[in-house]
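Subject: Structure for you to look over

Hello,

I am passing on the structure we discussed. Please have a look at it first; my notes follow below.

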Amino acid sequence: MTFEIALVLGILAISLILFVSEVIRMDLVALLVLCSLAVTGLVTTNEAFAGFSNSAVITVWAMFILSEGLTRTGIADIIGRQVMRLAGRREIAMIIVIMITAAVLSAFMNNIGVAALMLPVVVEVARRTRIPPSRLLMPLAYATLLGGLMTMIGTPPNLLISEVMAQNGYAAFGLFDYTPIGGVIMVVGVIFVAFVGRFLLPRIKTDRGRHQSQRSLRNRYKLQERTFMLRVPMESILVGKTLSETRIGSATGLIILALTRYGRSEALPGRQTVIRGGDGILVQGRVDQFKELQRWSDLVIEREAPVLKSMVAAKIAYAEVDLADGSPLVGELIRHAGFRTRFNISVVGVFRRSKYRLTNLAYVPLRAGDRILVQGETEAIAELEKFADFSAVRPLTEEQLSEQYNTEERMFVVRLPKYSDLAEATLEKSRLADVFDFRVVAVFRDGNLKVMPRGDEVLEGGDLLLIEGQHEDLDVLRGLQELDVETKVTANLGSLESERLTLMDATLDPRSSLAGTTVGELNFRERYGIELAGIWREGGPIGVDLAEERLQVGDALLMLGPRDRLQLLSDDSDFLILTPLGQDPPDTQRAPLAAFIMLAVVLSVMAGYAPISVAAVVGGSIMVLTGCLTMEQAYRAIDWRAIFLIAGMLPLGTAMQQSGAAAYLADQVMLLLGESGPWPVIAGLYVLTAMATMIIPTAALVVLMSPIVLSAMAEMGLAPETAMMAVAMAASASFTSPISHPANILVMGPGGYRFVDYIKVGVPLTIVVFITVMFLLPVLWPLTAASP
C-alpha cells in the first residue's frame, strides 16, 4: 500500500464515520472531502471542482425544476381523481394503483418530489375510503424508489453510474437502458407489497368523517388528557394584566386555546388580551408542570438584606463582551449557547436598539458583533479574554452598572420557608431563568455563601436566595398560584370543533428550511397566527416541552388555529397539508403544457437530439418561461444539499482511481470472493451496496462503489456493464430503514410508523429485489469479456 492509497483510504474512512455519526451535516462532509483532496494534492484544482460542471449533477438539479413544474401545475389533483376512479375502495386495489402511479411518475421525476406530491393525495384517499393511512403510505414511499430504477433520470445513482461509465471510456447507459430490469423489479415489488407486504404493515385506525376526523386527531395526539381550564379569581393579582404579562403560556409551556368570559369564548386570544376576574383560560399542556411552577410562589421577599448583597458583590463581577465574527455562538439562541457550561458565566442582557434588552432573553438569537452583558465570579470574568469567541471584553465598574443596568433595583433577596414544597427541589426544574429571567446569583445557607449555583443545586428550607430580576415578576408568579385548575373540561372541548378553531395535520416538506429549527425559535403564534399542538414522531406523540423540540422531516405536525389561518399554510412551501380544509383546488390550466414539456425532454433524448443534461436544462427553462413555475420556485425546488453532496464526493471517486485505492479495495474483494467466479463477486458487491444504503447517502455511495466495481471487473477481464447495473439497482432499492431514503422519512410521521415497521416490510422486499436482480442480470445483461 502506497502513501497516496493510505491517504485516500484515510479520507474515505473519516468521511464514512462522519456520515454515520451525523456530527456534521452530509453536504458539509462532502465539501470537506473535496477540500482535503485538493489541499493534499491527490486531485488537481480542475478535478476538485469538476463535480459542479458534471453533466450528471447538472441533470439532477434540472430534474428538480422539471418535477416542481409538474407539481405546481396541479398534477396532484388530477392524479388524485384518477386514483379514486380506478382503485375504488378496496385496499389491495388501492395499493396497486397508488404504487404503479407513483412508480411511473418517479421514472421521470425526482423520487422525493413524487413522494411529496402524492402524500396529501394518498392521505385524502385514505380518509375518503376509510383505509388507515398506515396501509398506504409505506407502499407509496417504496413505489417511488422502485419507479426510480426504471430510467436513467429516475434517480441520481442511475445518472451517476451512467456518467462514470462514460468518463472511463465505456458506452454510457442510455435513458431507457435501465427499463427492462427496472421495470420487472418494479412489477415484482408492487406484487410483493400488495399480496404479501401489506400483511406486515401496521393498521393504525382512524375515525370517520369530518368531526370524527377532528376527534381522531385529538385522540391520536392525546390532547384531551392534556387539556384543562385555569380559572382567574375575582381579586387576583393578574386582573388587569395582559396574557403576555402573565406569562401563562411561556411560563408553563402551555398553549392557550381559548378565553371564556360571561359564557362567550374567544379562540386563540391575542397576547394583549386583558384578563378580568372570573375569566376561564382553556389551555393545553401538563398540569404537573404548571403546578411545579406554582410552588415558587412560596418565596418570601426579605426587604432588607444589605449584608448578603455586599458579600455577593465582593465575589461577583460584570462585563460587556463583543461577540466575534467567527464564533460558533453566532446564530445560536442564548438558551442554547451554553454560556454557563463553556465560560462559567450567565447572560443578563443584550444591547439592542440603543439599550440593553434584559427580559425574554431565552430565544434571542446571537449576532456577530453583539454587545452582551454577562455576569460571573470574578475569576471567570478575568478568564474571558482568553476565549476567541469574544473580540473585546470590558469589565464594568459599580458606577457603570448603576448607570446602565440599575443593579440595585434588580437585586432582591428571598427566603425559602422551612417547610416549603420547594425543599429538595433543584433550580434546573424551576424554569425561572427561561420564563421570568430570574437568576439565582447566590444561595446563603447555614452561614455559608455559594455564588453562581448551577442547575443541579438542591434547595433546602430556610435558604436565602439572592435573585436578579424584576420585582413585579414575582407578583406575577404569585398570581399563577391563585389560579384554580379545573381538569374536567369535556364540555369546553366543543370549541375545538368550531369553525373558529380547527385542528389540522401537516408535515414538513422534504426541502423545508425549517428542519432542525426548534418550535420555540419558530414561534408559530407570532409567525402564522396558529399554535403547534403536537408532534407525532417514530410511532408516538410528543406533546410536552414542544418549545425545545427540533422539527424533523417526517414529523407529523398537529396545527391548531382559525380555519382561515390554517388555510394560508397550504401556500407555504415549507409544509405539506394532510388534513383537507376545503381549499380551492389548484389551477390545472398549465398541467397539459407542463406534461408536454416533460414529454419533449424525454423524446429529445430518445431521438439523440440532445444529451439529457442539455434537454433537462432547456425543459426547466421553458417551464419557467411559460409560467409553470416562477424562478424563485425553481431555485427553491433544487435540493442544494444533494447537489453539493454529489459534487463534493465526485473528486473522491477520481482520487480512488488515480491513486490505486480503488484497485486495492477491489483486490480485497477478489481475495474474498474471486475464486468463486464472477457472479458471486457481483452478488457480493450488490449486498455490500445494499447494506451501505442504511448509513451512507446513495449518491455518495455510488461515487465510492463505482471505481471499486470497475477495478474488480477489469481484474477478471470482464466488461463492467453487468456489475455496474447491479450496483445501480442496489443503491436505489433503499427499503430497509426510514433513514435509507428521504421518501421513507417523509411518510413516517403521517403514517404513524415505527422504525421496526420498515424492517418488517423492507428487509423481505430487499431480499425479493436481490433475487430478482440476480435472476435477470444473466438474461438482460450477460457477462462479456472486456474489450482489449
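There are 16 salt bridges in the structure, which is a predicted model. Four items from that set seem worth going through.

Glu 320 and Arg 394 pair through their side chains, with 3.4 Å from N to O. Glu 320 belongs to strand 6 (residues 316-323) and Arg 394 to strand 10 (residues 390-395), so this salt bridge ties together parts that are 74 residues apart in sequence. On the acidic side, Glu 320 is buried, at a relative accessible area of 6%. On the basic side, Arg 394 is partly exposed, at 30%.

Arg 25 and Asp 27 form a salt bridge as well, at 2.7 Å from N to O. Asp 27 has a relative accessible area of 14%, and because the limit for buried is under 20%, Asp 27 counts as buried.

In the salt bridge between Asp 757 and Arg 754, the closest N and O atoms are 3.8 Å apart. Asp 757 is buried, with 2% relative accessibility, while Arg 754 is partly exposed, with a relative accessible area of 42%.

The last item is a network: salt bridges link Arg 445, Lys 450, Glu 457, Glu 460 and Asp 463.

Next, the fold as a whole. The protein chain contains 35 helices and 20 strands. Of its 788 residues, 55% are buried. If one takes the contacts between residues at least 6 apart in sequence, 79% of them join residues at least 24 apart. The exposed surface of the protein chain comes to about 33000 Å², and carbon and sulfur atoms supply 56% of that area.

Two helices are worth a look. Helix 31 covers residues 698-715, which makes 18 residues. From the first C-alpha to the last, helix 31 reaches 25 Å, close to the expected 26 Å. Where does helix 31 have its kink? The kink is at Met 705, amounts to about 30°, and comes shortly before the proline Pro 707. Helix 31 is also mostly covered, with 15 of its 18 residues buried. Just beyond the end of helix 31, Gly 717 adopts a positive phi of about 75°.

Helix 28, at residues 640-659, has 20 residues. Its span from first to last C-alpha is 29 Å, close to the 28 Å expected. Gly 660 follows helix 28 and has a positive phi, near 95°.

Finally, confidence. The protein chain has a mean pLDDT of 81, and 88% of its residues reach 70 or more. Which helices mark the two ends of the confidence range? Helix 10 (residues 179-195) has the highest confidence in the chain, at 94, and helix 11 (residues 210-220) the lowest, at a mean of 54.

Two stretches should be marked before you work on the model. Over residues 207-212 pLDDT stays under 50, and the model has 11 contacts for them beyond four places in sequence. Over residues 491-499 pLDDT also stays under 50, with 20 contacts beyond four places in sequence. Predicted coordinates should not be read in detail where pLDDT is low.

Regards

How values were computed: Residues numbered from 1 in each chain as written. Predicted model: local features only at pLDDT ≥ 70, side-chain atom pairs only at ≥ 80, totals over all residues. Heavy atoms only, no water. Helix = DSSP H or I, 4+ residues; strand = E, 2+ residues; numbered from the N terminus. Buried < 20%, exposed > 50% of the residue type's maximum accessible area, 1.4 Å probe, protein only. Contact = heavy atoms within 4.5 Å. Areas by Shrake-Rupley, 256 points an atom, 1.4 Å probe, with all protein chains shown as cover. Expected span 1.5 Å × (residues − 1). Bend = angle between axes of the 7 residues up to and from the residue. pLDDT = per-residue confidence, 0-100. Salt bridge = Lys/Arg side-chain N within 4 Å of Asp/Glu carboxyl O.
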